[in-house]
Structure formats: C-alpha cells, structure tokens
Amino acid sequence: MPELPSLSERDHAVVWHPYTQMQTAPLAVPIVRGEGSWLLAEDGTRYLDGISSWWVNLHGHAHPHIAARVSEQLRTLEHVLFAGFTHPAAVELAEQLLEILPTNQARVFYSDNGSTAVEVALKMVLQYFHNLGQPERRTFLCFRDSYHGDTFGAMAVSSRGAFTQPFWPLLFDVEFIDVPVPGREAEVLAQLDAVLQRPDVAGFIFEPLVLGTAGMVMYSPEVLTEMLRRCHQRGVLCIADEVMTGFGRTGPLFASSLLQEQPDIMCFSKGLTGGTLAMGLTTCAAPIYDAFLSDDKMRALFHGHSYTANPVACAAALASLELTRTDDCTRQRQRIEAAHAAFRQEIEALPGIRQVRHRGTILAVEYDPGEGTSYFSRLRDAFYQMALDNHIVLRPLGNVVYLLPPYCTTSEELELLYAVLLRMRDVVLNFEPAPTLPEYLHD
Ligand SMILES: *Cc1c(COP(=O)(O)O)cnc(C)c1O
C-alpha cells in the first residue's frame, strides 16, 4: 500500500506560509496540541515555546479558563455587526481597559490585528488634523528600525528594510530618526528637534521601550518621556504601538505605564486575547475623539472591518485580562524577570557575546560572530535549527536570539531555554561566514 502523505507534506502541497521562501524552507512542523508553554507535534515530540508563538501567548496554550469563556460566548452570541449595534463583551472590555490604561485614554476602537490597529491610529491622526482644518499637517515621524505591521500604512511608518523593498515606491514619505539607545540619547533628541522644525509633522509613532523586530532593541522610559514632551510642545500627536509590549510583557501592564508623559493614541493586539483569537484595538485621548464629533457626517471616522469587536474575541480578551490582572500573574512575570536578570549576569561576560538586553519578560542575547551578519545569514539558520533540535521554538533575528516566554513558563523550563542560549555560543565561536548570502535566503 502506498504510504499516505504526512500532514507536513499535505501542507506543502496547498499552503503558502508567511515570511517563508517556500522553495527552500524545510517542511512545516505539524503541531496538534498546545499545553502550557509546550507545543505537541503529530509524532509526539514536545517543543517548548520560547517566543509565545510570535509574541501572542500570555498564559499558556489551550488555557482552560479562556477556552471556557470563549466556548460560552460562542453558544451565546458569535457575532453581530458593530455599526448601530453593540454587545456586552465589547462594552465590558472597553470599560476594563480604560480602567488600567494611562488615565488620558478615553475611547476604544476595535479592529482585527496589530497592523489594522496601526492603520486606524494613523487615520485618526490624519483625519484629526483634517477635521481641525489643518490638512497640510500629515507627516509621520518614526524610528529608522521600527516595525508596525505589514499593511501599506503600517509598512510606510516602518523601517525601509529588505522585507518591504518591492513596495518602497508606493510607501508614503515619513521622517526617520534613530533609536535613542543608551549613550545616544542627546544625539537622537537633537534629530527629533530638527524634524520638529517642520510645520507639517502630524504624529510620532513608536514601539515603547522595546523595538521587537529590530532585534529587541531597548531604550529608556526617561528619554521617551522627553521625546513625547517635545512632540507635545509642537502639537504633534504621539502613538504608542503596544502591540508587542502590552499586557505585562515589559513588566508593568503597559510599557507606557513607565512614562511621565502620556501617549495620545495606543495600539494593541497580540497578547490582547492571550494569544487565542485575532483582535486589534486602538485607544485615544478625549481631544482626538472630540475632533470627530460634528453635525456633519463626513467628519466621522469611516473605518471598520466585518469582524470589528467580534464577541468571541472580546470574550477571550476579557478572560485573558482577568488572568493578567491577578497577583499570581504579576508574581510569574516578576519571577521570569528575576531569572532573566540572573542569567544575564551569567552569560554577559562570556566570549562570543556582544550585548545582552533585558526588560520585563524579554531577554535578548546579541552574539558576536565577528564580521557583519544579517537576518538572512547561515548563523540565524544554525541558531534556529539548534533550538529546534533541542525541542525549543525560537526565531532568531540575525545574530540576536531572544526569549519572550509565556508567563506560565516555569523556572525549570526557563533553564532549558538558557541552556540552549549558552550552547549557541559554540555556533558563533566555530562560525565560518558564508561566501554569499542570498542562497541561504529562506524563512
Ligand atoms: C506584530 C506587530 C505589529 C503587527 O501586528 P499583526 O497582528 O502581526 O498585524 C505591529 N506593531 C508591533 C510593534 C508588532 O510587534
């Protein structure tokens, strides 16, 4: 009898995966179950999820509390259009979020994912100035290495990197400044001042304290506070993209909680539903919302998605938020933070390490391979494979390998992650740089 194709082979025949060169990428790993910090493959192999499945999971996979609330909501009301109608889960979630967000946040606008949350924020800023009779004010300011999503507006305010190159001609112009990493604060504040001389700057969008895709690049709340102050002095609206940093990832509930100056607009997704369902939201301060109020219908925000405020996603978010707000969750995050800090001490001074960065539950190790390396390098692939061979899911960014574990990850599980980070030094110390890079361009 001919052997039946495996799930991975069937996948390969019909599916197109994100961020994947389908011709050269290995077959996708077939995962059939999730449990706590672990993913279980079809053949019984267990993988420790060191990056919360692309930064979305907070409390572990297939969490029974979230599952129960989602299931209950599905049997009660699965969806209703959100223009002209509302439902309890959407109202409750907005009420609860406004309780814990920076105090100036006054309204919640629902959408589907991180990119749409950013698109909505950009449109809020542009139409805010349009409604105020200042349509010429339409330039965005952002960090040179930022990532805000894959839709066109989000790409435009993100780094002009290799991933967006085919689309560059169609991306609107923005002003880029550098990230004020430790030691470069004064220089970047001067760059900011120079851009703020332009009368047409409308908004500053930033990943607060940690730039994820850039390689977990970190900067201080003090310098960001100062940047927001200077923007506000020039009437520039500030958008905190908390899609990755939200819901405890950096320690406090929001990275913006550590700022002395509040952002005007905030974007959320990823951890919002605890990593169970796709949902995004954009919140804003009262003056922005008020600028859309009028007898004139054309001043309304004409933006919406079919699944806006989906009740099942709202129920998942409420259930996840309930868990996030417990003392138990705070203690888990503190435990991970303390473990990261101790491990940092251990690995930082060893050969093969360029820099270790750490904030909250995020730890990033930047290895030192000698000559320049890029995301596409063999080094990244060697790291990825080494992790997988050790039953650990990581997605290195070039020579940066980071941990971003679910909050339920135990101390013993953290030790497994640290052990592989230590072992990755061998890859670096024995590394022969590739003669050419593009042939390794996969994934
Ligand atoms: C992931 C991410 C996005 C995009 O979110 P998607 O849900 O993947 O569209 C936007 N901003 C930041 C900071 C992110 O990390």
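## Charged pairs and binding sites

Modeller: Welcome! Let's start in helix H11 (residues 327–348), where Glu348 and Arg344 both lie, four residues apart, about one turn of the helix. Please keep in mind that this is a predicted model.

Colleague: Thanks! In the salt bridge of Glu348 with Arg344, how far apart are the closest N and O atoms?

Modeller: Glu348 is partly exposed, with a relative accessible area of 32%. Its partner Arg344 also counts as partly exposed, at 25%. Between their closest N and O atoms, the distance is 3.0 Å.

Colleague: Which residues are joined into one network by salt bridges that share partners?

Modeller: Side chains of opposite charge can pair when their charged atoms come close. Where salt bridges share partners, a network forms, and here one such network joins Asp193, Glu226, Arg229, Arg230 and Glu261.

Colleague: How many salt bridges does the count come to?

Modeller: A pair enters this count when a side-chain nitrogen of Lys or Arg is within 4 Å of a carboxyl oxygen of Asp or Glu. Asp178 and Arg184 qualify, with their closest N and O atoms 2.9 Å apart. In that pair Asp178 is buried at 15% relative accessible area, while Arg184 is partly exposed at 27%. By this rule, the count comes to 17.

Colleague: How many residues apart in sequence are the parts that Arg198 and Glu175 tie together?

Modeller: The two side chains meet in a salt bridge, 2.5 Å from N to O. Arg198, which is partly exposed at 33% relative accessible area, lies in the loop between helix H7 (185–196) and strand S7 (201–206). Glu175 belongs to strand S6 (residues 175–177), so the distance along the sequence that this pair spans is 23 residues.

Colleague: Now to Asp264: which side chain of opposite charge is nearest to Asp264?

Modeller: Asp264 is found in the loop between strand S10 (237–241) and strand S11 (265–268). Although Asp264 is buried, it has no salt bridge. At 10.0 Å away, the nearest side chain of opposite charge is that of Arg137.

Colleague: Then which residue has its backbone nitrogen 2.7 Å from a polar atom of the Asp264 side chain?

Modeller: Beyond four places away in sequence, Asp264 touches several residues, including Asn104, His232, Leu237, Cys238 and Thr283. One of these residues offers its backbone nitrogen at 2.7 Å from the side chain: Cys238.

Colleague: Where does UniProt place the feature "binding site"?

Modeller: This annotation comes from an unreviewed entry. Its positions spread over 193 residues of sequence and, in space, up to 22.9 Å between C-alpha atoms. The entry names Gly114, Ser115, Asp241, His305 and Ser306.

Colleague: Is Gly114 buried or exposed?

Modeller: Gly114 lies in helix H5 (residues 114–131). Leaving aside neighbours within four places in sequence, Gly114 is in contact with His148, Val243 and Ser269. Its relative accessible area is 12%, and the cut-off for burial is under 20%. Gly114 is therefore buried.

Colleague: And which side chain makes a polar contact with the side chain of His305?

Modeller: His305 sits in the loop between helix H9 (286–290) and helix H10 (311–324), and counts as partly exposed at 25% relative accessibility. Farther off in sequence than four places, His305 is in contact with Ser111, Asp112 and Thr116. The polar contact, at 2.9 Å, is with the side chain of His303.

Terms used: Residues numbered from 1 in each chain as written. Predicted model: local features only at pLDDT ≥ 70, side-chain atom pairs only at ≥ 80, totals over all residues. Heavy atoms only, no water. Helix = DSSP H or I, 4+ residues; strand = E, 2+ residues; numbered from the N terminus. Buried < 20%, exposed > 50% of the residue type's maximum accessible area, 1.4 Å probe, protein only. Lys, Arg positive; Asp, Glu negative; His and termini not counted. Polar contact = N/O pair within 3.5 Å; in protein donor to acceptor, adjacent residues only side chain to side chain. Contact = heavy atoms within 4.5 Å. UniProt positions renumbered as here; feature names shortened; annotations may be inferred.
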